[in-house]
Amino acid sequence: MSIKTSIQQSIILRPGQKAHMKQRKNRSFISLNNAVTIGIIARCHDQHTLEILSDFYAQLRREECNYRILLIIDKKQDIVNHYDYEKLFPGAILTLICINDYTFMGVPKKKVFAPFISSDFDLIFRIGLGASFELDTILLSTRARMYAGHDHPELPFIDFRITLEQDADLAALTRNLLIYMAKLDQDSTNKADSHTNDYRLF
């Protein structure tokens, strides 16, 4: 582990996780049918990932809901055509974090993602496999009743967890999120008490 990575973990990420968990007083399980303000946060490395995210959003989308999407992309701001991304997420407010939107410590600049974290979300989907310093630094600045995503030991703040096979890809995560969130809608008994510390589907 490099010195930079060690500092990121010990000084920024772990204290951020503790503060985030301590401040979450409205933690509860919420179904898609009851969610009004929904967020999606993800790293987008390539066109294939973008297509997975766009398809996931299309299947989630309901006219009566408000959607905010934050994507971390591996491009510089000055070469990005925002419309190329916005057209894939119609009706959503989109924030893009580019490779020149970081501090020298690799932390995304808050002024760039401030519009995304200004909302009080009912539900945020973290679309990613395993930990990501850049992604999770932003996620820990958000406020949501429930977080849904990959079941991973480095992601203790995820409430609705999808356990996957070791070789599973991002499409498997989004597919299973849709399946099991739909089951939660269908069966109200699947709702967990707001004081539950963990909820794994498998």
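Which residue in β2 does A42 stand opposite? A42 stands opposite L71, and the legends below take you from that pair to the rest of this predicted model.

**View 1. The whole chain: six helices and six strands.** Let's start with an overview. Following the sequence from its beginning, you meet the elements in the pattern α-β-α-β-α-β-α-β-α-β-β-α. The chain has 202 residues, and buried residues make up 51% of them. Among contacts between residues at least 6 apart in sequence, 67% join residues at least 24 apart. The accessible surface comes to about 10,300 Å², with 50% belonging to carbon and sulfur atoms.

**View 2. An open sheet of six strands, paired in parallel.** To find your way across the sheet, read its order as β3-β2-β1-β4-β5-β6. At the edges are β3 (92–97) and β6, each of which pairs on one side only. From one strand to the next, the twist averages 15 degrees.

**View 3. β1 beside β2, a parallel pair with eight bridges.** Here strand β2 covers residues 66–73, while β1 runs through residues 37–44. This is also the place to look for our opening pair, A42 and L71 in β2.

**View 4. Two helices lying across the strands.** Helix α2 (residues 47–60) lies across β1, β2, β3 and β4 (120–127). Its direction makes an angle of about 170 degrees with β1. Helix α6 (residues 170–186) lies across β4, β5 and β6, and runs at about 140 degrees to β4.

**View 5. R43 in strand β1, with two acidic partners.** What is the relative accessible area of R43? The value is 19%, and R43 counts as buried because the cut-off is under 20%. The R43 side chain makes a polar contact with the side chain of D74 at 3.2 Å. Another polar contact, also of 3.2 Å, joins the side chains of R43 and E134. Leaving aside residues up to four places away in sequence, R43 touches T49, L53, I72, D74, Y102, I127, S132, E134 and L135.

**View 6. L155, a buried loop residue.** Where along the chain does L155 lie? You will find L155 in the loop between β5 (143–150) and β6 (160–162). Is L155 buried or exposed? L155 is buried, with a relative accessible area of 0%. Its contacts, not counting residues up to four places away in sequence, are R126, G130, A131, D136, H150 and R161. For a further landmark, look for L129, 26 residues from L155 along the chain, where the two C-alpha atoms are separated by 10.0 Å.

Notes: Residues are numbered from 1 along each chain as its sequence is written. This is a predicted model: local features need pLDDT of at least 70, side-chain atom pairs count only at pLDDT 80 or more; totals for chains, interfaces and linings use all residues. Side-chain values use heavy atoms; hydrogens and water are left out. Helices (H or I, at least four residues) and strands (E, at least two) are DSSP runs, numbered from the N terminus. Buried means under 20% relative accessible area, exposed over 50%, partly exposed in between (1.4 Å probe, protein chains only). Contact means heavy atoms within 4.5 Å. Accessible areas come from the Shrake-Rupley method with a 1.4 Å probe; for residues, only the protein chains shown count as cover. A polar contact is a pair of N or O atoms within 3.5 Å; within protein, one must be able to donate a hydrogen and the other to accept it, and residues adjacent in sequence count only if both atoms are side-chain atoms. Two strands pair if DSSP finds at least two bridges between them. Axes are lines fitted to C-alpha atoms, for helices over the stretch in contact, and angles run from 0 to 180 degrees between N-to-C directions.
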